[in-house]
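Colleague: I am new to this model, so please give me a close look at how the beginning of the chain is put together.

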Amino acid sequence: MNRLSGRISAVEVAGSIALVEVTVGTRRYTATLVGVGDDINAWRVDRPVTLLFKETEVSLAKNLSGLISMRNRIQAVVTGIERGQLLTKVLLDAEGHTIASVITTKSSFTLQLEIGDEVEGLVKANEMGLIAEQGA
């Protein structure tokens, strides 16, 4: 599980759905919270939180251009590649934060991934979870 510590920088609510913007370093990430109801008041601006997202939810792209609907586009450098028969774990450095991605091994070869490559990690907002940091 990928974990990034940050602070809530914005909250937008419509009914029981909230889009929560979290700042980690100089980057902003978006998490979609569904069924928030009255609990939304707990997710206030400047609250310290941890973003959680599975390695299997991080898609990778090289030389991506054009528009895309994914809110979380993470510029990173490949720091590690562990190729298995079916799946490959790719380690990324995003401003000093380590993020892991698990993709198919065929995709890793299609992308011609090598250590040092610049890539983008892509994560849909609804795949980002949030937990309050202790003491917050």
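Modeller: Happy to! Let's begin from the outside: about 7,700 Å² of the chain is exposed, with carbon and sulfur atoms supplying 49% of that area (accessible areas come from the Shrake-Rupley method with a 1.4 Å probe). Please keep in mind that this is a predicted model, where local features need pLDDT of at least 70, side-chain atom pairs count only at pLDDT 80 or more, and totals for chains, interfaces and linings use all residues. Residues are numbered from 1 along each chain as its sequence is written, and side-chain values use heavy atoms, leaving out hydrogens and water.

Ten strands and one helix make up the elements of the chain (DSSP runs numbered from the N terminus, helices being H or I of at least four residues and strands E of at least two). Eight strands come before the helix, and two follow it.

Now to the part you asked about. Strand E1, residues 2-14, pairs with strand E2, residues 17-24, in the antiparallel sense over seven bridges (pairing needs at least two DSSP bridges between two strands). Across this pair, Glu-12 stands opposite Leu-19 in E2. Two residues lie between E1 and E2 in their hairpin, and Gly-15 in the turn has a positive phi of about 65 degrees.

E2 also runs antiparallel to strand E3, residues 27-34, and eight bridges join them. Here Val-20 has Ala-31 in E3 as its bridge partner. The hairpin of E2 and E3 again has two residues between the strands, and Gly-25 takes a positive phi near 65 degrees.
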